[in-house]
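Q: Hi! Could you walk me through this structure? I'm new to this, so plain words please.

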Amino acid sequence: MGSQTFARAACVALLGVCALGSVHAQNPPDLTGAWERYRGPPGDATSPPPEPIPPLKAPLLKDWQARRVAEREADARGEPIAKGYTHCIPEGYPTMMNGPFPFDIVQSRSQINIAQEAYSQVRRIYLGKPQKKFEDVEPGFYGRSVGNWENNTLVVDTIGIKDYVTFRDVPHTPQLRVRERLHLVTPDILWDELTLEDAGVLEKPWTVTFAYRRVPNYEIIEYVCEDNREYADDKGVTRLRLKE
Amino acid sequence: MKRAIGWMAAGTLAVGAVGTAWAHHSFAIFDHTQTYTLKGKVKSFQWTNPHGYIDLDVKDGPPGIDHFTLEMTSINMLQRAGWKSSDVHPGDEVTAIVAPLATGDKGGLLLELRMKDGRTLVPPVPAIDTFKRSP
């Protein structure tokens with residue numbers, strides 16, 4: 001019996017309250033502080049694997065690829081298609097983990113908060129709590145996240161994302177579930193492996209890995225989307241409001 | 001003094017590496033093939049997100065331009081690059097290098113701002129080298 005299996009069995013037998021499959025670390029790594037996206041040299045052990053295209057079911061994948069082509073063509077014409085940010089709408093989860101702005105993590109034994117500087121977005125991960133049923137979570141921009149430490153890996157489960165809050169413009173159903181595994185690959189490089197599960201649209205789970213590096217002493221700057229002079233015209237094209 | 005990309009250089013490069021498709025903002029509305037050099041007086045300096053703006057009364061520039069709106073990056077990016085909200089004031093005489101709107105309207109993306117006191121302020125525009133400078 002491996003140590004992890006033994007610990008899991010002890011957890012169930014002695015306490016009877018541990019979440020199935022979790023092994024609580026006595027001294028989990030401290031992730032508190034500021035982080036920013038990191039891309040190391042190709043092939044370096046700290047560089048995450050390349051991002052695969054979403055394994056969408058065939059008709060959906062065709063539509064998704066057609067939208068990518070339409071966006072590139074619109075950009076080339078100088079008429080980019082307006083998106084949520086044009087209306088000052090934050091990206092939500094999991095896109096907020098993409099950056100590009102820094103975020104900070106505040107960690108306690110019962111909760112971990114991740115605050116993305118762009119749009120002052122915050123997600124809260126409740127440690128040691130069970131996940132609710134889909135029907136008991138009202139959909140939102142960040143969903144409901146619960147987590148546990150499995151040895152030195154923070155394992156997070158998130159459900160309850162609004163249908164129009166999408167990652168990479170990939171559609172999803174109300175049954176979207178995102179599982180994350182956050183762990184330090186070096187003392188100052190953090191990986192977040194996100195696996196999206198949604199049998200309604202995906203042929204198989206889709207895993208994307210982001211890497212971040214610590215930014216010592218950086219203090220997150222406030223961000224209020226106060227006045228975007230870019231706007232969407234009646235055709236949905238991004239324009240700039242000028243002053244005379 | 002040329003105040004420009006310091007700590008955020010890595011972040012800016014990272015944004016470029018993401019590719020414009022997944023950046024959270026597109027600069028595709030701006031012409032990447034030419035720049036204007038505009039001399040004039042600052043009418044207003046708007047320190048807001050998601051972008052800062054300067055409205056400029058133009059004294060010397062391409063024919064027919066007497067006013068121009070300059071968009072900048074997020075003020076968070078500006079702060080990380082060393083900018084302050086007190087760097088520019090209404091009435092300042094400046095020279096601006098801008099990538100104009102692709103539509104030809106009187107607005108553009110600020111690439112460089114030269115102040116009368118000798119300072120040169122550079123917004124940390126992602127992939128700034130993709131904007132071809134006119135002579």
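Q: How much area do chain B and chain A bury between them?
A: Chain B and chain A bury about 3300 Å² between them, and 57% of that is on carbon and sulfur atoms. Buried area here is the accessible area (1.4 Å probe) that two parts lose on being put together, summed over both.

Q: Is this an experiment or a prediction?
A: This is a predicted model: local features need pLDDT of at least 70, side-chain atom pairs count only at pLDDT 80 or more, and totals for chains, interfaces and linings use all residues. Side-chain values use heavy atoms, with hydrogens and water left out, residues are numbered from 1 along each chain as its sequence is written, and chains are lettered from A and ligands numbered from 1 in the order in which they are written.

Q: Cool. How many residues does the contact take from each chain?
A: The contact (heavy atoms within 4.5 Å) takes 40 residues from chain A and 40 residues from chain B.

Q: And how many salt bridges cross the interface?
A: The rule finds 2 between chain B and chain A. A salt bridge is a side-chain nitrogen of Lys or Arg within 4 Å of a carboxyl oxygen of Asp or Glu. One of them joins the side chains of Arg229(A) and Asp55(B), at 3.1 Å from N to O.

Q: New topic: how many helices and strands are in chain A?
A: Chain A has 2 helices and 11 strands. Those are DSSP runs, numbered from the N terminus: helices are H or I with at least four residues, strands are E with at least two.
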